[in-house]
Amino acid sequence: MRFLATVHHRRKNMAKKRSTAMTDYVRIFDTTLRDGEQAPGYSMNIEEKLRMAHQLELLGVDVLEAGFAIASPGDFESVRSIAQAVKAPIVASLCRALVKDIDAAHAAVKDAVRPRIHTFLATSDLHLQYKLKMTREQALQRAVEAVKYARNLCDDIEFSLEDASRTDHDFMCQVVEAVIKAGATTVNLPDTVGYATPKEISAMVSNVMRRVPNIDKAIVSMHVHDDLGLAVANSLAGIAAGARQVECCVCGIGERAGNAALEEVVMNLRTRHDVYGVDCGVHTEEIARTAKLLSTITGVKTAPNKAIVGANAFAHESGIHQHGVMANVKTYEIMTPESVGLKKTELVLGKHSGQHAFAQRLVALGYTVDKALEQKLFAEFKVLADRKKTIEDRDIMALVETATGHVSGENDWKLVNYVVSSSNKMFSTACVTLVRGKKEVTESAYGTGPIYACIRAVEKIVKHPFSLQDYQIQAVTERRDALGEVTVKISDPRGTFRGRGVSTDIIEGSILSTLDAVNKMLDAKTSALGEGAASKVQQTFAEEDMLSGHTDK
Ligand code: KIV
Ligand code: ZN
């Protein structure tokens with residue numbers, strides 16, 4: 001049995017200052033769990049999406065796009081669970097401008113405190129002619145019908161003009177005016193293919209703000225892809241021209257080159273308030289933790305030079321920079337690490353630290369765990385402290401993220417012990433003992449390296465063949481006694497499963513991460529949200545669009 005993360009970050013001091021009436025307030029619309037999750041390598045299961053959704057709520061996003069409800073039963077269930085679980089943000093589901101899609105989106109979000117239906121239709125001639133095989137008139141009619149239909153179900157309707165940046169401006173204004181009249185409360189102008197320049201985005205938004213007579217009845221939104229590396233710049237250009245919602249993803253994940261990175265947009269608005277003059281409700285101190293959670297869940301590491309959340313984003317290596325920073329931090333630092341939630345540890349923990357000090361550190365790091373989990377984490381901390389002289393915050397975070405990512409069920413296989421023999425002159429051999437319930441099983445195997453041999457031994461014990469899709473190892477901290485964090489992806493015919501393990505011993509870490517993935521694989525009742533599932537769904541949609549002219553009801 002899997003469990004939802006029992007970790008709940010502090011909720012106090014999180015009073016929101018959002019107000020839709022304020023014209024200097026920009027809504028942050030997070031689509032990490034929809035557009036972001038569509039990207040290969042970022043698929044998440046329902047528990048992972050819920051963990052992420054809770055963290056996005058703590059981050060303070062205004063709108064949380066939880067998924068594409070009609071895409072699959074799994075997507076529907078995820079959207080519904082998130083809609084029921086989070087309270088502060090508006091919860092949106094994407095849907096095409098089709099009755100069956102809108103119905104599914106509505107059914108999935110209707111239990112949210114503040115539900116939103118987000119429907120879309122392409123409006124560029126290119127998409128209309130080749131993808132939808134529709135005329136402009138038909139598209140306009142379809143958009144209006146969809147919005148009217150959705151508005152009868154829900155008060156909060158967003159309409160997106162897919163490929164807006166390549167849509168004729170006159171036609172765009174016509175559609176925007178008509179969908180607002182039909183009941184849309186937000187109108188989104190996406191640069192779907194990441195083609196526009198900031199100047200073009202500025203002209204597009206200004207044009208709509210100036211020429212659409214009822215534009216004051218809706219919020220204009222930006223949704224920009226990063227194909228030419230301009231997603232953040234274009235989103236900011238849209239805001240400067242009057243957009244008051246920006247759609248973005250944590251770490252800029254998303255289709256192809258991704259979407260605008262949430263943390264970059266937000267820190268631009270904060271750091272250059274003098275330029276943009278607008279506020280948003282994001283609690284920036286939650287940014288680092290949110291990015292870390294995404295990386296932990298998906299197993300995709302953040303590039304060290306990634307703006308705001310990369311490991312080097314606040315590191316000053318060069319002597320000249322260090323000298324300047326020591327003289328006055330403002331010489332090279334335009335924002336503080338603390339402002340995005342990166343705190344420096346004053347006190348290190350070690351093997352003599354008691355449970356009280358450990359629990360206090362958990363709280364300081366923003367984790368509130370129940371007693372049972374605290375006990376388990378403390379026991380793991382003690383084992384680690386025997387192997388590693390000083391325990392840093394990053395070690396503790398790695399322990400917490402591993403413990404909360406997956407809880408062991410009765411049916412899970414657990415590691416008892418292993419022995420490997422390895423040499424550069426011959427095959428490696430491994431003898432691994434696992435236990436499940438009361439059943440202990442030992443198997444040996446050989447391979448071209450010790451990790452390969454261990455994984456084969458595990459496969460023999462669990463009697464379920466799988467292939468290894470990806471294997472990554474990374475030191476959690478510096479120095480030789482560092483914890484190694486291993487993430488693996490394995491697959492069977494039903495899908496792909498991720499696993500994670502940490503240990504000061506990389507072979508143990510490798511076995512633990514493999515077991516984490518294997519247990520998930522064996523536990524999967526139905527077909528998993530396998531890698532590539534999202535793109536297969538998109539392909540089916542595209543084929544349906546072509547066949548139906550986007551007109552089925
Ligand atoms: O990129 C895009 O145009 C989209 C819309 C469906 C909002 O993701
Ligand atoms: Zn998109």
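**Exercise 1. How far is a polar side-chain atom of His 225 from an oxygen atom of ligand 1? Decide whether the pair passes as a polar contact, then look for other such pairs.**

*Solution.* Keep in mind that we're working with a predicted model.

Step 1: Check the distance. The polar atom in the side chain of His 225 sits 3.0 Å from a ligand 1 oxygen.

Step 2: Compare with the cut-off. A polar contact needs a pair of N or O atoms within 3.5 Å, so the His 225 pair at 3.0 Å passes.

Step 3: Try two other residues. Arg 34 has a side-chain N or O atom 3.0 Å from an oxygen of ligand 1. For Asp 35, the distance from a polar side-chain atom to a ligand oxygen is 3.1 Å.

Step 4: Ask how covered the ligand is. On its own, ligand 1 has 260 Å² of accessible area, and the protein covers 94% of that.

**Exercise 2. Which residues surround ligand 1, and how many of them fall into each class?**

*Solution.*

Step 1: List the shell. You should find Arg 34, Asp 35, His 118, Phe 120, Ser 160, Glu 162, Asn 188, Pro 190, Thr 192, His 223 and His 225.

Step 2: Sort them by class. The tally is two nonpolar, six polar and three charged residues.

Step 3: Find where they come from. The elements giving two or more residues to this shell are α1 (32-36), β4 (115-122), β5 (157-162) and β6 (186-191).

**Exercise 3. Take the open sheet that contains β10. What is its strand order, and why does β9 have one side without a neighbour in the sheet?**

*Solution.*

Step 1: Write the order. The three strands go β9-β10-β11, paired antiparallel.

Step 2: Look at the ends. β9 (414-421) and β11 (439-447) are the edge strands with a single partner each, so each has one side left without a neighbour in the sheet.

Step 3: Get the twist. Ignoring direction, neighbouring strands here are turned by 15° against each other on average.

Step 4: Zoom in on one pair. Seven bridges link β9 and β10 (residues 428-436), and Tyr 418 faces Val 432 of β10.

Step 5: Add the helices. α17 (residues 450-462) packs on the sheet and touches β9, β10 and β11, with its direction about 140° from that of β11. Helix α18 (residues 506-523) lies across β9 and β10, at about 135° to β9.

**Exercise 4. Now do the same for the sheet with β13: what is the strand order, and which helix packs on it?**

*Solution.*

Step 1: The order is β12-β13-β14, an open sheet with antiparallel pairing.

Step 2: β12 (467-475) and β14 (495-503) stand at the edges with a single partner each, so one side of each lacks a neighbour in the sheet.

Step 3: From one strand to the next, the twist averages 15°.

Step 4: β12 and β13 (residues 484-492) are joined by eight bridges; Gln 472 has Thr 487 in β13 as its bridge partner.

Step 5: The helix is α12 (residues 287-298), which touches β13 and β14 and makes about 115° with the direction of β14.

Definitions and conventions. Residues numbered from 1 in each chain as written. Chains lettered and ligands numbered in written order. Predicted model: local features only at pLDDT ≥ 70, side-chain atom pairs only at ≥ 80, totals over all residues. Heavy atoms only, no water. Near = heavy atom within 4 Å. Polar contact = N/O pair within 3.5 Å; in protein donor to acceptor, adjacent residues only side chain to side chain. Areas by Shrake-Rupley, 256 points an atom, 1.4 Å probe, with all protein chains shown as cover. Helix = DSSP H or I, 4+ residues; strand = E, 2+ residues; numbered from the N terminus. Nonpolar A, V, L, I, M, F, W, Y, C, P; charged D, E, K, R; others polar. Pairing = 2+ DSSP bridges. Axes fitted to C-alpha atoms, helices over the stretch in contact; angles between N-to-C directions. Contact = heavy atoms within 4.5 Å.
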